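Here is a look around a protein chain for anyone meeting it for the first time. Have the picture handy and follow along piece by piece.

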Amino acid sequence: MTKPETKFVAALPMYDWPEMRSEVDAQWARLRDAFRQKGIEAPQTIARFNADLRPVEGGIRDAAGKVIAPDPATLPPGELYFHGLWLHPALLFAQTCWGPMETGLSEHVQVIGQPNYDAFEGGQGELYSSAIVMRAGEAPSVGSPADGSPLIPLDILRGKHFTFNSLDSMSGIVGLTRDLEALGESLDIFSERSESGGHRASIVAIAEGRADVAAIDCLSWALAQRFEPAAEAVAVVGWTRRRKGLPFITARSTPEKIVVALREAVAALA
(Lines give C-alpha, C1' and ligand atoms only; values in the text may rest on other atoms or scores of the structure.)
Protein backbone atom coordinates (compact mmCIF):
# COMPACT_ATOMS: atom_id res chain seq x y z
CA MET A 1 0.00 0.00 0.00
CA THR A 2 1.37 3.38 -0.95
CA LYS A 3 0.30 6.85 -0.02
CA PRO A 4 -0.47 9.13 -2.98
CA GLU A 5 2.42 11.48 -3.66
CA THR A 6 0.27 14.21 -5.25
CA LYS A 7 -2.90 15.91 -4.09
CA PHE A 8 -4.86 13.65 -6.43
CA VAL A 9 -5.92 10.02 -6.24
CA ALA A 10 -6.68 7.66 -9.13
CA ALA A 11 -7.92 4.08 -9.38
CA LEU A 12 -9.02 1.50 -11.94
CA PRO A 13 -10.81 -0.94 -9.63
CA MET A 14 -13.54 -2.48 -11.77
CA TYR A 15 -11.49 -5.11 -13.61
CA ASP A 16 -8.50 -5.21 -11.26
CA TRP A 17 -8.44 -9.00 -10.77
CA PRO A 18 -5.27 -10.31 -9.08
CA GLU A 19 -4.15 -11.83 -12.40
CA MET A 20 -4.76 -8.48 -14.12
CA ARG A 21 -2.69 -6.29 -11.82
CA SER A 22 0.22 -5.83 -14.24
CA GLU A 23 -2.11 -5.07 -17.16
CA VAL A 24 -4.12 -2.59 -15.09
CA ASP A 25 -0.89 -0.94 -13.94
CA ALA A 26 0.17 -0.65 -17.58
CA GLN A 27 -3.20 0.88 -18.47
CA TRP A 28 -2.76 3.44 -15.71
CA ALA A 29 0.81 4.20 -16.85
CA ARG A 30 -0.50 5.09 -20.32
CA LEU A 31 -3.23 7.29 -18.86
CA ARG A 32 -0.89 8.86 -16.28
CA ASP A 33 1.68 9.79 -18.89
CA ALA A 34 -1.00 11.25 -21.16
CA PHE A 35 -2.36 13.30 -18.26
CA ARG A 36 1.09 14.54 -17.26
CA GLN A 37 1.72 15.64 -20.83
CA LYS A 38 -1.33 17.86 -20.33
CA GLY A 39 0.23 19.35 -17.20
CA ILE A 40 -1.88 17.35 -14.73
CA GLU A 41 -0.16 16.10 -11.55
CA ALA A 42 -1.40 12.52 -11.96
CA PRO A 43 -0.27 10.13 -9.22
CA GLN A 44 2.47 7.64 -10.04
CA THR A 45 0.39 4.64 -8.96
CA ILE A 46 -3.29 3.82 -8.56
CA ALA A 47 -5.07 3.33 -5.25
CA ARG A 48 -6.13 -0.23 -4.50
CA PHE A 49 -7.01 0.01 -0.81
CA ASN A 50 -8.67 2.38 1.63
CA ALA A 51 -5.18 2.92 3.10
CA ASP A 52 -4.09 4.43 -0.24
CA LEU A 53 -6.68 7.23 0.06
CA ARG A 54 -5.94 10.46 1.86
CA PRO A 55 -7.80 10.79 5.18
CA VAL A 56 -10.79 13.14 5.18
CA GLU A 57 -11.33 14.23 8.77
CA GLY A 58 -14.97 14.03 9.79
CA GLY A 59 -15.93 12.12 6.67
CA ILE A 60 -16.47 13.00 3.03
CA ARG A 61 -19.10 15.73 2.63
CA ASP A 62 -21.21 17.00 -0.26
CA ALA A 63 -21.48 20.63 -1.32
CA ALA A 64 -24.05 21.26 1.41
CA GLY A 65 -21.80 19.84 4.11
CA LYS A 66 -23.67 16.55 4.56
CA VAL A 67 -21.49 13.49 5.24
CA ILE A 68 -21.89 11.14 2.27
CA ALA A 69 -19.04 8.70 2.93
CA PRO A 70 -16.81 7.87 5.91
CA ASP A 71 -13.23 9.02 6.33
CA PRO A 72 -11.14 6.40 4.47
CA ALA A 73 -8.83 6.27 7.49
CA THR A 74 -11.68 4.76 9.54
CA LEU A 75 -12.25 1.88 7.09
CA PRO A 76 -10.43 -1.49 6.90
CA PRO A 77 -7.05 -0.52 5.40
CA GLY A 78 -6.67 -3.65 3.27
CA GLU A 79 -10.06 -3.30 1.56
CA LEU A 80 -11.45 -0.74 -0.90
CA TYR A 81 -14.82 0.89 -0.30
CA PHE A 82 -15.86 1.92 -3.81
CA HIS A 83 -18.10 4.80 -2.77
CA GLY A 84 -15.33 6.21 -0.58
CA LEU A 85 -13.11 6.24 -3.66
CA TRP A 86 -15.72 7.64 -6.04
CA LEU A 87 -16.78 10.38 -3.63
CA HIS A 88 -13.29 11.31 -2.46
CA PRO A 89 -12.66 15.06 -2.91
CA ALA A 90 -9.18 14.37 -4.33
CA LEU A 91 -10.42 11.95 -7.01
CA LEU A 92 -8.71 12.68 -10.31
CA PHE A 93 -9.70 9.59 -12.28
CA ALA A 94 -11.55 6.33 -11.70
CA GLN A 95 -14.02 3.88 -13.18
CA THR A 96 -17.55 3.44 -11.93
CA CYS A 97 -20.80 1.84 -13.12
CA TRP A 98 -23.96 3.45 -14.46
CA GLY A 99 -25.95 1.69 -11.74
CA PRO A 100 -24.47 3.80 -8.92
CA MET A 101 -24.45 6.82 -11.24
CA GLU A 102 -28.22 6.52 -11.63
CA THR A 103 -28.77 6.21 -7.89
CA GLY A 104 -27.07 9.44 -6.86
CA LEU A 105 -23.35 9.24 -7.62
CA SER A 106 -23.73 11.40 -10.73
CA GLU A 107 -24.54 14.40 -8.52
CA HIS A 108 -21.05 14.27 -7.02
CA VAL A 109 -18.78 13.46 -9.98
CA GLN A 110 -18.08 14.48 -13.58
CA VAL A 111 -17.90 12.02 -16.48
CA ILE A 112 -14.61 12.05 -18.37
CA GLY A 113 -15.29 9.45 -21.06
CA GLN A 114 -16.11 5.84 -21.87
CA PRO A 115 -13.84 2.85 -22.54
CA ASN A 116 -13.96 0.89 -25.79
CA TYR A 117 -15.34 -2.66 -25.78
CA ASP A 118 -14.67 -3.62 -29.40
CA ALA A 119 -12.22 -6.33 -28.34
CA PHE A 120 -14.86 -8.34 -26.49
CA GLU A 121 -17.82 -10.39 -27.68
CA GLY A 122 -20.90 -8.47 -26.64
CA GLY A 123 -19.15 -5.11 -26.92
CA GLN A 124 -19.23 -2.38 -29.57
CA GLY A 125 -17.45 0.92 -29.09
CA GLU A 126 -18.56 2.43 -25.79
CA LEU A 127 -21.41 -0.09 -25.48
CA TYR A 128 -21.30 -3.41 -23.69
CA SER A 129 -23.73 -6.18 -22.88
CA SER A 130 -23.81 -8.93 -20.30
CA ALA A 131 -23.51 -12.61 -21.01
CA ILE A 132 -26.29 -14.59 -19.35
CA VAL A 133 -24.56 -17.70 -18.08
CA MET A 134 -25.59 -21.09 -16.71
CA ARG A 135 -23.87 -24.43 -16.14
CA ALA A 136 -22.61 -25.91 -19.38
CA GLY A 137 -24.92 -28.48 -20.91
CA GLU A 138 -28.09 -27.15 -19.28
CA ALA A 139 -29.07 -24.98 -22.28
CA PRO A 140 -27.79 -24.22 -25.78
CA SER A 141 -24.85 -21.82 -26.01
CA VAL A 142 -25.47 -18.68 -28.06
CA GLY A 143 -23.36 -15.88 -29.53
CA SER A 144 -23.92 -12.18 -29.05
CA PRO A 145 -26.52 -10.69 -31.46
CA ALA A 146 -24.74 -8.57 -34.07
CA ASP A 147 -27.19 -5.69 -33.63
CA GLY A 148 -26.82 -5.55 -29.84
CA SER A 149 -30.43 -6.53 -29.19
CA PRO A 150 -31.25 -8.56 -26.08
CA LEU A 151 -31.45 -12.33 -26.28
CA ILE A 152 -33.31 -13.43 -23.17
CA PRO A 153 -34.26 -17.15 -23.05
CA LEU A 154 -37.29 -16.79 -20.77
CA ASP A 155 -38.30 -20.46 -20.78
CA ILE A 156 -34.78 -21.52 -19.81
CA LEU A 157 -34.44 -18.91 -17.05
CA ARG A 158 -37.85 -19.39 -15.47
CA GLY A 159 -37.74 -21.02 -12.05
CA LYS A 160 -33.95 -20.81 -11.73
CA HIS A 161 -31.81 -19.42 -8.90
CA PHE A 162 -30.38 -16.07 -10.07
CA THR A 163 -27.22 -14.69 -8.48
CA PHE A 164 -25.84 -11.18 -9.02
CA ASN A 165 -22.76 -9.24 -8.00
CA SER A 166 -24.47 -6.27 -6.30
CA LEU A 167 -27.89 -4.64 -6.31
CA ASP A 168 -26.65 -1.44 -7.97
CA SER A 169 -24.78 -3.19 -10.80
CA MET A 170 -26.00 -2.27 -14.28
CA SER A 171 -24.35 -5.33 -15.83
CA GLY A 172 -25.23 -7.78 -13.08
CA ILE A 173 -28.90 -7.03 -12.40
CA VAL A 174 -30.23 -3.60 -13.48
CA GLY A 175 -29.80 -4.15 -17.24
CA LEU A 176 -31.35 -7.61 -17.10
CA THR A 177 -34.24 -6.26 -15.03
CA ARG A 178 -34.98 -3.67 -17.72
CA ASP A 179 -34.74 -6.23 -20.51
CA LEU A 180 -37.17 -8.48 -18.67
CA GLU A 181 -39.57 -5.57 -18.12
CA ALA A 182 -39.47 -4.80 -21.86
CA LEU A 183 -40.71 -8.37 -22.39
CA GLY A 184 -43.50 -7.97 -19.85
CA GLU A 185 -41.62 -9.99 -17.24
CA SER A 186 -39.64 -9.27 -14.08
CA LEU A 187 -37.07 -10.81 -11.79
CA ASP A 188 -39.96 -12.81 -10.37
CA ILE A 189 -39.34 -15.37 -13.12
CA PHE A 190 -36.52 -16.60 -10.88
CA SER A 191 -37.31 -18.93 -8.00
CA GLU A 192 -34.57 -17.42 -5.86
CA ARG A 193 -32.17 -14.48 -5.93
CA SER A 194 -28.90 -14.05 -4.05
CA GLU A 195 -26.04 -11.54 -3.98
CA SER A 196 -22.61 -13.03 -4.66
CA GLY A 197 -20.42 -9.96 -4.13
CA GLY A 198 -18.74 -10.05 -7.55
CA HIS A 199 -19.03 -11.34 -11.12
CA ARG A 200 -16.27 -13.87 -10.55
CA ALA A 201 -18.01 -15.14 -7.43
CA SER A 202 -21.24 -15.51 -9.41
CA ILE A 203 -19.49 -17.70 -11.98
CA VAL A 204 -17.99 -19.88 -9.25
CA ALA A 205 -21.38 -20.19 -7.54
CA ILE A 206 -22.96 -21.44 -10.76
CA ALA A 207 -20.16 -23.89 -11.47
CA GLU A 208 -20.45 -25.27 -7.93
CA GLY A 209 -24.25 -25.59 -8.12
CA ARG A 210 -25.02 -22.93 -5.51
CA ALA A 211 -26.88 -20.85 -8.14
CA ASP A 212 -28.14 -21.42 -11.67
CA VAL A 213 -27.83 -18.22 -13.68
CA ALA A 214 -26.08 -14.84 -13.67
CA ALA A 215 -25.51 -11.83 -15.92
CA ILE A 216 -21.79 -11.13 -16.37
CA ASP A 217 -20.55 -8.09 -18.26
CA CYS A 218 -18.74 -9.07 -21.44
CA LEU A 219 -15.30 -7.90 -20.28
CA SER A 220 -15.57 -9.75 -16.96
CA TRP A 221 -16.69 -12.85 -18.88
CA ALA A 222 -13.61 -12.54 -21.10
CA LEU A 223 -11.42 -12.29 -17.98
CA ALA A 224 -13.12 -15.32 -16.46
CA GLN A 225 -12.36 -17.34 -19.56
CA ARG A 226 -8.70 -16.36 -19.17
CA PHE A 227 -8.26 -16.71 -15.43
CA GLU A 228 -11.14 -18.46 -13.65
CA PRO A 229 -11.12 -22.30 -13.89
CA ALA A 230 -14.80 -22.43 -12.92
CA ALA A 231 -15.68 -20.69 -16.20
CA GLU A 232 -14.96 -23.96 -18.01
CA ALA A 233 -18.09 -25.40 -16.41
CA VAL A 234 -20.24 -22.40 -17.42
CA ALA A 235 -21.75 -21.44 -20.79
CA VAL A 236 -23.46 -18.40 -22.31
CA VAL A 237 -27.20 -18.95 -22.88
CA GLY A 238 -28.28 -15.37 -23.61
CA TRP A 239 -27.27 -11.70 -23.73
CA THR A 240 -28.63 -8.44 -22.36
CA ARG A 241 -29.10 -5.38 -24.52
CA ARG A 242 -25.97 -3.34 -25.25
CA ARG A 243 -25.71 -0.27 -23.06
CA LYS A 244 -23.08 2.30 -22.18
CA GLY A 245 -20.09 0.72 -20.48
CA LEU A 246 -18.38 1.78 -17.28
CA PRO A 247 -17.70 5.53 -17.31
CA PHE A 248 -14.47 7.21 -16.29
CA ILE A 249 -15.12 9.90 -13.68
CA THR A 250 -13.48 12.67 -11.69
CA ALA A 251 -14.60 14.57 -8.61
CA ARG A 252 -17.25 17.26 -8.97
CA SER A 253 -14.69 19.67 -7.50
CA THR A 254 -12.02 18.97 -10.16
CA PRO A 255 -11.34 22.31 -11.93
CA GLU A 256 -12.83 22.72 -15.40
CA LYS A 257 -9.41 23.23 -16.99
CA ILE A 258 -8.28 19.83 -15.68
CA VAL A 259 -11.55 18.17 -16.69
CA VAL A 260 -11.12 19.40 -20.27
CA ALA A 261 -7.52 18.13 -20.35
CA LEU A 262 -8.56 14.74 -18.94
CA ARG A 263 -11.25 14.36 -21.60
CA GLU A 264 -8.83 15.29 -24.37
CA ALA A 265 -6.24 12.79 -23.12
CA VAL A 266 -8.75 9.94 -22.77
CA ALA A 267 -10.21 10.63 -26.20
CA ALA A 268 -6.74 10.60 -27.76
CA LEU A 269 -6.02 7.17 -26.24
CA ALA A 270 -9.32 5.63 -27.31
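## Strand β5 and its sheet

Four of the five residues of β5 are buried, so this strand is largely enclosed by the rest of the structure. Keep in mind that what you're looking at is a predicted model. β5 teams up with strand β14 (residues 248-251): the two pair in the antiparallel sense, over four bridges. One pair to look for is Gln 110, whose bridge partner in β14 is Thr 250.

Zoom out a bit and you'll find an open sheet of four strands, ordered β1-β4-β14-β5, with mixed pairing. The edges belong to β1 (9-10) and β5 (109-113), and each has a single partner strand, so one side of each is left without a neighbour in the sheet. Over at β1, two bridges join that strand to β4 (residues 91-95), and this pair runs parallel. Val 9 has Leu 91 as its bridge partner in β4. As for what holds such neighbours together, strands of a sheet pair through backbone hydrogen bonds, either parallel or antiparallel.

## The chain as a whole

Now for the big picture. The secondary structure of the chain adds up to eight helices and 14 strands. Its radius of gyration is 19 Å, close to the 18 Å that the globule rule gives for 270 residues, so the chain is as compact as a globular protein of that length. Along the principal axes, the C-alpha atoms fill a box of roughly 55 × 35 × 35 Å.

How much of the chain counts as buried? The figure is 54% of the 270 residues. The chain exposes about 12,100 Å², and carbon and sulfur atoms supply 51% of that area. There's plenty of long-range contact too: among contacts between residues at least 6 apart in sequence, 74% join residues at least 24 apart.

## Strands β8 and β12

Another strand to visit is β12 (residues 234-239). Six of its six residues are buried, so β12 is largely enclosed by the rest of the structure. Strand β8 (residues 130-135) pairs with β12 in the antiparallel sense, over five bridges. Within this pairing, Ala 131 has Trp 239 of β12 as its bridge partner.

## Helix α5 and Ser 171

Helix α5 covers residues 170-182, which makes 13 residues, yet its end C-alpha atoms are only 16 Å apart. A straight helix would reach 18 Å at 1.5 Å a residue, and α5 falls short of that. The helix is mostly covered, with ten of its 13 residues buried. Among those buried residues are Met 170, Gly 172, Ile 173, Val 174 and Leu 180. Just past the end of α5, Gly 184 takes a positive phi of about 80°.

Ser 171 sits in this helix. Its relative accessible area is 6%, and anything under 20% counts as buried, so Ser 171 is buried. The side chain of Ser 171 makes a polar contact of 2.9 Å with the side chain of His 199. Leaving aside residues up to four places away in sequence, Ser 171 touches Tyr 128, Ser 130, His 199, Ala 215 and Asp 217.

## Helix α6

His 199 is itself one of the buried residues of α6, along with Ser 202, Ile 203, Val 204, Ala 205 and Ile 206. What do the buried residues of α6 pack against? Their neighbours are β8, β9 (161-164), α5, β11, α7 (218-227) and β12. Just after α6, Gly 209 takes a positive phi of about 80°.

## Asp 212 in its loop

Between α6 (199-207) and β11 (214-217) runs a loop, and that's where you'll find Asp 212. Is this residue buried or exposed? At 17% relative accessibility, Asp 212 counts as buried.

The side chain of Asp 212 has polar company. A polar contact of 2.7 Å joins it to the side chain of Arg 135. A polar atom of the Asp 212 side chain also lies 2.8 Å from the backbone nitrogen of His 161. Not counting residues up to four places away in sequence, Asp 212 touches Val 133, Met 134, Arg 135, Lys 160, His 161 and Ile 206.

Note on methods
Residues numbered from 1 in each chain as written. Predicted model: local features only at pLDDT ≥ 70, side-chain atom pairs only at ≥ 80, totals over all residues. Heavy atoms only, no water. Expected span 1.5 Å × (residues − 1). Buried < 20%, exposed > 50% of the residue type's maximum accessible area, 1.4 Å probe, protein only. Polar contact = N/O pair within 3.5 Å; in protein donor to acceptor, adjacent residues only side chain to side chain. Contact = heavy atoms within 4.5 Å. Pairing = 2+ DSSP bridges. Rg over C-alpha atoms; globule rule 2.2 N^0.38 Å. Areas by Shrake-Rupley, 256 points an atom, 1.4 Å probe, with all protein chains shown as cover.
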